[in-house]
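Subject: Structure for your review

Dear colleague,

Please find the structure below, together with its sequence. A summary of what was found in it follows.

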Amino acid sequence: MPDKRPSMLLVLIFFVAPLFFPAVNSIGVNYGTLGNNLPPPAQVAQFLKDKTVIDRIKIFDINPDILRAFANTGISVTVTVPNGEIPNLLDISYARRYIDANIKPFYPQTKIDVILVGNEVLHWDGPDIQMKLVPAMKTFYQALGQSGLKDIKVSSPHSLGILLRSNPPSAARFRPGWDVGILAPMLQFLRETKGPFMVNPYPYFGYNPKQENFLLFRKNKGVYDRFSKKWYTNSFDMLLDAVYMSMVRLKYPDVEIVAAETGWPSQGESFEPQCTVENAASYNGGLLRKYNSGTGTPLMPHRKIETYIFGLFNENTKPGSTAERNFGLFRPDFTPVYNIGVLKGEQAQPTPALPAPRNGSGNNGQPTSPVRPAESKKFCMPKAEATDAQLQSNINYVCSQGVDCTPIQAGGPCFNPNTIRSHAAFAMNSYYQREGRNQFNCDFAGTGVVASADPSYGTCKFQS
């Protein structure tokens, strides 16, 4: 009869190994390519494999050079089918041909785990494409199975514009119409196929100087949700729990959530003072520490949320403000923009540990915050290219959501000038202010933009 007692050597290894072999950190990253000075994909793949703890990437297309470069690296890859392909994917024969041309030549040598059908479709596209999204996902998944690729998941990432409200998390819910018309069928599909529900939580877009420490994973007094009776020590957790509670309301609490994009820029315009190397390092460093601690959120304490930092490189041809071109962890020559412990063998610069959740109130010995300039005012305005039809739709939506629209009605202080654009400006801003002044609260299907100039005139006063 063999001796079933564990050997003393095994016992010693079990207890001593953690002392000599510390836990390996890991994180995902978005690999964008909107730059004319970026290194070749083969160099990128070798760098990530040999020099960093990054174990998975997400790309915004199906770039054959990238897929070829990441073959046999062991790094997981999530790819994106462009939004414009969604109508075509309703045809399973087309979907099969697409897979044959774009996926099968690289799989399984390249570890393609997830294929995204579109990116932020509800944010960027109109109702026609939006309503075809879930059917296209189902057809594409069926085509993968017919092609013998049954281990690849299918999903589609969302901006947090899918939320009607996010604060407090316990009261969060998806936007009416999208909730039962698109998101519930999508969640049902993801439950059946064990795919992830992917969202892009960006505390950066809700920047408020008074909440800077809370947004950047620094020590802070926390935020209390009086309905769930949970304390929050960072905005990232609040946004994820808002998504979770919205899923709970549709009865899909079991579907996995993935933070597909999140990050903080290290440089910005003069009107973007929050975009500094210090702040970017604080946010992304806090994110890395949180992920590798294995802790979940107050409402999902036992879930480790898979997370992808945006982004890998600074991208010098990306449109928008300077901030848009400076989200990268690395410069194109592979030197780090700041040190958060992503390079193997690298110790991150000393930063405060994440504060533990609390059950009481008060500062608990927190240092007094430095005096900061008064918070700048922000307003939600229509984009110059927005049409009257789009703006009228915005007015109709806002006024149906309980926002006070009497000021833009006949006799109201903001009725004149009696134009759709003027009325839409007031209505959109009122909604933006009420909902929490997050960037996504001013999206309005791509027709809104956040501005700093006060549009108030005469007796018509815009909230700020």
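**Findings**

The lining of the largest cavity is made up of four nonpolar, two polar and three charged residues. Please note that the model is predicted.

**Cavities**

Searching the whole structure gives three cavities of 30 Å³ or more. The volume of the largest cavity is about 60 Å³. Its lining consists of F236, L287, K290, Y291, T295, R303, K304, I305 and T307. Helix α10, spanning residues 277-293, is the greatest contributor to this lining and supplies three residues.

**Salt bridges**

As a general point, side chains of opposite charge can pair when their charged atoms come close. In the whole structure, 10 salt bridges are found.

One of them joins the side chains of R56 and D55, with an N to O distance of 2.4 Å. R56 counts as buried because its relative accessibility is 5%, under the 20% cut-off. D55, by contrast, has a relative accessibility of 30% and therefore counts as partly exposed. The pair also belongs to a wider arrangement, since D55, R56 and E306 are linked in a network of salt bridges.

A further salt bridge is formed by the side chains of D65 and R68, at 3.2 Å from N to O. Both residues lie in helix α3 (residues 64-69); because D65 and R68 are three residues apart there, about one helical turn separates them. The relative accessible area of D65 is 45%, so this residue is partly exposed.

E212 and R218 also form a salt bridge, in which the closest N and O atoms are 3.4 Å apart. Here E212 and R218 are both buried.

**Sheet**

Strands of a sheet pair through backbone hydrogen bonds, either parallel or antiparallel. In this model, nine strands make up an open sheet with parallel pairing, and their order is β5-β4-β3-β2-β1-β13-β12-β9-β6. The edges are taken by β5 (153-155) and β6 (158-159); each has a single partner strand, so one side of each lacks a neighbour in the sheet.

Within this sheet, strand β1 (residues 27-30) pairs with strand β2 (residues 54-58) in the parallel sense, over four bridges. At one position of this pairing, V29 has I57 in β2 as its bridge partner.

Kind regards

Conventions
Residues are numbered from 1 along each chain as its sequence is written. This is a predicted model: local features need pLDDT of at least 70, side-chain atom pairs count only at pLDDT 80 or more; totals for chains, interfaces and linings use all residues. Side-chain values use heavy atoms; hydrogens and water are left out. On a 1 Å grid over the protein atoms alone, a cavity is a set of points where a 1.4 Å probe fits but cannot get out, and a pocket is an open set with protein on both sides within 12 Å along at least five of seven lines; lining residues have an atom within 4 Å of a point. Grid points are joined across faces, edges and corners, and a volume is the space filled by probe spheres set on the points. Helices (H or I, at least four residues) and strands (E, at least two) are DSSP runs, numbered from the N terminus. Ala, Val, Leu, Ile, Met, Phe, Trp, Tyr, Cys and Pro count as nonpolar, Asp, Glu, Lys and Arg as charged, and the others, Gly among them, as polar. A salt bridge is a side-chain nitrogen of Lys or Arg within 4 Å of a carboxyl oxygen of Asp or Glu. Buried means under 20% relative accessible area, exposed over 50%, partly exposed in between (1.4 Å probe, protein chains only). Two strands pair if DSSP finds at least two bridges between them.
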